[in-house]
Amino acid sequence: MDRYIIHGGTTLNGEVEISGAKNAAVAIIPAALLVQGVCRIENIPQISDTDTLLTILAELGARVSYLNKSTIEIDCTNARYQDAPYDLMRKIRASYYLIGSMLGRFGSAKTTMPGGCNFGVRPIDQHIKGMRALGAEINVRGGYVYADAKDGRLHGARIYLDKVSVGATMNIMIAGVLAEGRTVIENAAREPHIVDLANFLNSMGADVRGAGTDTIKINGVDTLHGGTYTIIPDQIEAGTYMVAAAATGGEVLVTNIIPKHMEGISAKLREAGAFVEEYEEAILVKGPAVLRRINLKTMPYPGFPTDMQPQFGVLMCLADGTSVITEGIYDNRFKYVNELRKMGAEIQVDGRVAVIEGGRRLTGAMVHACDLRAGAAMVIAGMVASGVTEIDDIHYIERGYERFVEKLNALGAEIEVRYDSGEDAKTGLYSVS
Ligand code: UD1
């Protein structure tokens, strides 16, 4: 099995450049299906999730080409309706955006239920509720989602989300752009990637207002035209390097970021005793001699992001007292705790609460990457631990971190990659080196 071999006890120092935001890119690529013309998209992260989505678009008839390693052109002018490819759709969570984009473009969609990281039950009932309100007939049968706009085109509607959902907000936004009339999403999520998707759509001729607040208004238009758009930097990738710097007691300048998006993460790192200084497009993090205990609760943006919870879990193992994490988004996001225990961590979990006894010396072990962010957390733990840590199931990590090992090794980590499954694991159809 593919794995990372980490020689622990290293300190990270230097500068790391952050790539484009995964969770923006995985919505913007499917949304390009709405556009009749060439979308030039800059700052695309080269990760397996974006590869998978580009492959799906190509199978639907889009022309996809890389201009350089982070700029692509997508031309969906000649895309045609067909069932979305089952195997690719099942690989990733964000394939749910194909429901909105295919409905908007073709008036019909047949997709699979989405895959992705398993944090317990991850329903898409709010997506379905939104599509139905826009006039689609939706049936879920045998693992497939069948969606049809009753008279071939969606119609604007007012939708109140029962739960603040990033995916449902963005999916309804995608579907609403070419709908007839006005769509209003209430109790919308407010993450930076929601604003980014709205900015992308607007730059192609859509009329989306209020993204970043809890009420988003979309005035439907008849067509979208091509254009150029630059994706925002990845908040979670940046946060992961910030925690890695603090945990290893190093000093890292994290560049090409929007410090405003990092506020919740920066505040918690400062509380833990790290030195965090913001610049216009960069943040410097210095790890303290002794990390302080902290408590945190994950919440929708602008609250503390659930996707940073496992990385902070590692930091808390090293702190000088007992810390408490309350997971406010998912039912089952503490699977990584078992892996950390193999390395000597002392953590009690009760439902959505984890109590972490700090001051433990972590030692190398054979562990799993349980999911994308849990995998990143295990990498941080491996760098801090004494001895050698082997992490398997690293395909999860490669879904969301561009050149993770290369970037960490450039900062002073000692990580080897063993791809037992061959070259294909490293590069997908659209990756360029
Ligand atoms: C997105 C991110 C993921 C992040 C999460 C929360 C992508 C591809 N993934 O996931 O990295 O962890 O936001 O910031 O952008 N829910 C329902 N019904 C629904 C939809 C969601 O009950 O129809 C629940 C979920 O189970 C979860 C909560 O709402 O408990 C929030 O989920 P949501 O914001 O939708 O997360 P995702 O879009 O799946």
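The following dialogue reads selected features of a predicted model.

Me: Which residues come nearest to the ligand?

Reply: The model is a predicted one. Of the 21 residues around the ligand, the nearest are Tyr 96, Gln 126, Ser 165, Asp 307 and Ile 329. By class, this shell comprises 9 nonpolar, 6 polar and 6 charged residues.

Me: Which helices each supply at least two residues of that shell?

Reply: They are H1 (22–31), H5 (125–133) and H6 (166–177). Helix H5 gives the most, with 3 residues.

Me: Which N or O atoms of the protein lie at short distances from oxygen atoms of the ligand?

Reply: A backbone N or O atom of Gln 126 lies 2.7 Å from a ligand oxygen, and a backbone N or O atom of Ile 329 also lies 2.7 Å from a ligand oxygen. From Tyr 330 it is a side-chain N or O atom, at 3.2 Å from an oxygen of the ligand. The ligand taken alone exposes 740 Å², of which the protein buries 91%.

Me: How should the cysteines be read, and how many disulfides does the structure hold?

Reply: A disulfide requires two cysteine sulfur atoms within 2.5 Å. The structure holds 0 disulfides. For Cys 39, the nearest cysteine sulfur is that of Cys 76, 6.7 Å away, and Cys 39 is in no disulfide. Cys 39 is buried, at 0% relative accessible area. Cys 76 is likewise in no disulfide, and its relative accessibility of 0% makes it buried.

Me: Why is helix H10 described as largely enclosed by the rest of the structure?

Reply: Burial here means a relative accessible area under 20%. In helix H10 (residues 309–317), 9 of the 9 residues are buried, so the helix is largely enclosed by the rest of the structure. Among them are Phe 312, Val 314, Leu 315 and Met 316.

Me: What backbone geometry deserves attention, and where is the cis peptide bond?

Reply: Most residues other than glycine have a negative phi, and most peptide bonds are trans. In this model, a cis peptide bond joins Tyr 301 and Pro 302, with omega about 10°. Pro 302 is in the loop between strand S17 (295–297) and H10.

Me: Where are the residues with a positive phi, Asn 187 and Arg 403, found?

Reply: Asn 187, with phi near 60°, is in the loop between strand S10 (182–186) and helix H7 (192–203). Asn 187 is partly exposed, at 21% relative accessibility. Arg 403 has a phi of about 45° and is placed in the loop between helix H13 (395–398) and helix H14 (404–410).

Me: How are salt bridges to be read, and how many are found in the whole structure?

Reply: Side chains of opposite charge can pair when their charged atoms come close. The whole structure has 21 salt bridges. One of them joins Asp 49 and Lys 22, at 4.0 Å from N to O. This pair links distant parts of the chain, with Asp 49 in helix H2 (residues 48–59) and Lys 22 in helix H1, 27 residues apart. Both Asp 49 and Lys 22 are buried.

Me: Which residues pair with Glu 73 and with Glu 402?

Reply: Glu 73 pairs with Arg 40, their closest N and O atoms being 2.9 Å apart. Glu 73 is in strand S5 (residues 71–75) and Arg 40 in strand S3 (residues 38–42), 33 residues apart. Glu 73 is buried at 12%, whereas Arg 40 is partly exposed at 33%. Glu 402 forms a salt bridge with Arg 403, at 3.3 Å between the closest N and O atoms. Glu 402 is buried, at 8% relative accessibility, while Arg 403 is partly exposed, at 34%.

Terms used
Residues numbered from 1 in each chain as written. Predicted model: local features only at pLDDT ≥ 70, side-chain atom pairs only at ≥ 80, totals over all residues. Heavy atoms only, no water. Near = heavy atom within 4 Å. Polar contact = N/O pair within 3.5 Å; in protein donor to acceptor, adjacent residues only side chain to side chain. Areas by Shrake-Rupley, 256 points an atom, 1.4 Å probe, with all protein chains shown as cover. Helix = DSSP H or I, 4+ residues; strand = E, 2+ residues; numbered from the N terminus. Nonpolar A, V, L, I, M, F, W, Y, C, P; charged D, E, K, R; others polar. Buried < 20%, exposed > 50% of the residue type's maximum accessible area, 1.4 Å probe, protein only. Salt bridge = Lys/Arg side-chain N within 4 Å of Asp/Glu carboxyl O.
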